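Student: Please take one part of this structure and go through it closely. I would like a sheet, with what packs around it, described strand by strand.

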Amino acid sequence: MTRKPHRFFIPAVLWLAISALGGVAIARLELNRLRDDFETNARIAHRLLSQRAVQHDAVMAMLALIQPPPDASQPEQRLPSVYPQIIGVQRRDRNAVWVDERLAAAEAQSRALQRPVLAVADFARGRYQLVLAAEPTSFSIQLDLHAVVPWSEWPMAPDTSPVRITLDDGQQSYVVQPGRIHEGGWRFEFHKHLATDSQPFDVAGLRQVGWGELPWAWMLAWSLLVAVMVRGGVALLRQRAEKQRAEELLRLGQVGRLNTLGELAAGMAHELNQPLTAVLANTQAAKRLLDEDPPELAIARKAMAQAAEQARRASSVVGRLRRAIERPAMAVQSVSVGLEDAVNNALYLLEPEFIRHDVQPQVSLQQAAPRVLADPVALEQVIHNLLTNALQALYKVPAPERQLTLQLGTEGDSGILQVSDTGPGIAPDVLQRIFEPFFSTREGGLGLGDLAPGFRIP
């Protein structure tokens, strides 16, 4: 398997998800606002048209009540000057007949229902006619549909409003305002009958919202805000991860130096043994010289001076040993450790170096991840050192040829970790000395497997 950092994929998916959810919410709020505006305007239009329809009933009731005489002046003919929507008024006196048979049929129906009824509806010409039966005279008024609309109180601009308003009687339809109707998008509808039975028309409203009417500017602003927030969050998490990685590297370095203390002490034992032997020999010689009679003071002083010099040398050796350690020795406790977990932790710590050197480690797990008995920190230090050496070797070959493979497996009761790279390898004359303490081919290397303070791979 390949351990490849998803530094851009996850933030991009997160940005897309939050931007999409926020964009949908913004679009839904705008659609709800447009729907509310549409329904409010449609209800106002229905109320205004219903008021005019009821007004027509009242006019006819007034004519039937006052029964104006059939003189030459015919006062009902002055109604169009008061009500512009009334085109004309007709009357049928007793013993007279209607010129149009439809008016006669409507009068019979009106007499049965005791209210005005619709006699003629010609929506193609924008006209309709009402009849009210009364005694001794029945009346009919003809109305102009366009003038019926109270435009001075109309809630919408009829020429530019996207809302379509029509009057329907089931078979024909009159367009009050055309609106803008197109395919696609969202459709809002309104239907309600006029508030009178004499004019059985439905007020129908239709609003078609296209994609272009969505608040794209607000959605874009939201996406930019989310991008800034995600970028800031990623930067914060990356900074925190880098801090944790630095602390882990420091801890591994400290433990690594403690793990090499035994080898370091063994390597210095010889250097300490020589000055201590010299101190003992010189002090014993000085004692003998002082015991003689007379004592050899000059020679004894010289022996003591040499002993002091050797003591200072031993102190210097001890000082170098102490400077190699930053913390007191810690007890090592072996526990069950997942070898794959230790490998993943080491890969995580060196992830920036892999990226910087264009190296993608390949981890091969032959079977179930083995567990080993070890000190977790010491095990990670060993793997860390192996990967560091591999990176230094890969730096010597061109980037396209750099390959680093880690194979995990088991052999009996033991876990096996094999690290291989495509670097130049170890020279034969060096190979036989790689396990010697303090032997190193790197300038400034300690030959003990850990990194000097501040060390970076070139």
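Tutor: What follows describes one sheet, then the core, a cavity and a hairpin elsewhere in the chain. The model is predicted.

The setting comes first. The protein chain has 458 residues, of which 36% count as buried, and it holds 11 helices and 13 strands. Among its contacts between residues at least 6 apart in sequence, 67% join residues at least 24 apart.

The sheet in question is open and has four strands, in the order β1-β4-β3-β2, with antiparallel pairing. Its edge strands are β1 (86–92) and β2 (117–122), each of which pairs on one side only. From one strand to the next, the twist averages 15°. Strands of a sheet pair through backbone hydrogen bonds, either parallel or antiparallel.

Start at the β1 edge. β1 runs antiparallel to β4 (residues 138–144), and six bridges join the two. Within this pair, Arg-91 stands opposite Phe-139 of β4. Helix α3 (residues 101–113) packs on the sheet and touches β1, β2, β3 (127–132) and β4. The direction of α3 makes about 150° with that of β2.

Next comes the pair β3 and β4. These strands also run antiparallel, joined by six bridges, and Tyr-128 stands opposite Leu-143 in β4. β3 and β4 form a hairpin with five residues between them. Ala-133 lies in the loop of that hairpin, between β3 and β4. Is Ala-133 buried or exposed? Its relative accessible area is 18%, and because the cut-off for buried is under 20%, Ala-133 counts as buried. Leaving aside neighbours within four places in sequence, Ala-133 is in contact with Glu-107, Ser-110, Arg-111 and Ser-138. Of these, Glu-107, Ser-110 and Arg-111 fall in the residue range of α3, and Ser-138 falls in that of β4. Met-60 is 73 residues from Ala-133 in sequence, yet the two are 9.6 Å apart in space, C-alpha to C-alpha; Met-60 falls in the range of helix α1 (residues 9–66).

On its other side, β3 pairs with β2 in the antiparallel sense over five bridges. The bridge partner of Leu-118 in β3 is Leu-130. The hairpin of β2 and β3 has four residues between the strands, and Gly-126 takes a positive phi near 75° there. Why is β3 described as largely enclosed by the rest of the structure? Five of its six residues are buried, so the description follows from that count.

The surroundings of the sheet can be taken from the core. The largest nonpolar core has 42 residues, and those that touch the most other members are Leu-49, Ile-141, Trp-154 and Leu-167. Helix α1 gives the most to this core, with 13 residues. Ile-141 falls within the residue range of β4, and Leu-49 within that of α1. In soluble globular proteins, nonpolar side chains tend to be buried together. Not counting residues up to four places away in sequence, Trp-154 touches Ala-45, Leu-48, Leu-49, Val-149, Ile-165, Val-176 and Gln-177. Apart from this core lies another, of 22 residues, among them Leu-347, Ala-374, Leu-391 and Leu-406.

Two of the contacts of Trp-154, Ile-165 and Gln-177, are bridge partners in a further pair of strands, with Gln-177 in β6. Strand β5 (residues 163–168) and strand β6 (residues 173–177) run antiparallel and are joined by four bridges. Their hairpin has four residues between the strands, and Gly-170 takes a positive phi near 100° in it.

The structure also holds two cavities of 30 Å³ or more. The largest has a volume of about 50 Å³. Leu-49, Ala-53, Tyr-128, Leu-145, Val-148, Leu-167, Leu-194, Gln-199 and Phe-201 line it. α1 and α4 (145–148) each supply at least two residues of this lining. Several names recur here: Leu-49 and Leu-167 are among the core residues with the most contacts to other members, and Tyr-128 is the residue that stands opposite Leu-143 in β4.

For contrast, consider a residue elsewhere in the chain. Ile-299 is in helix α7 (residues 297–323) and is partly exposed, with a relative accessible area of 47%. Ile-299 and Leu-289 are 10 residues apart in sequence and 7.4 Å apart in space, C-alpha to C-alpha.

Conventions:
Residues are numbered from 1 along each chain as its sequence is written. This is a predicted model: local features need pLDDT of at least 70, side-chain atom pairs count only at pLDDT 80 or more; totals for chains, interfaces and linings use all residues. Side-chain values use heavy atoms; hydrogens and water are left out. Two strands pair if DSSP finds at least two bridges between them. Axes are lines fitted to C-alpha atoms, for helices over the stretch in contact, and angles run from 0 to 180 degrees between N-to-C directions. Contact means heavy atoms within 4.5 Å. A nonpolar core is a set of buried Ala, Val, Leu, Ile, Met, Phe, Trp, Tyr and Cys residues joined through side-chain atoms within 4.5 Å. Buried means under 20% relative accessible area, exposed over 50%, partly exposed in between (1.4 Å probe, protein chains only). On a 1 Å grid over the protein atoms alone, a cavity is a set of points where a 1.4 Å probe fits but cannot get out, and a pocket is an open set with protein on both sides within 12 Å along at least five of seven lines; lining residues have an atom within 4 Å of a point. Grid points are joined across faces, edges and corners, and a volume is the space filled by probe spheres set on the points.
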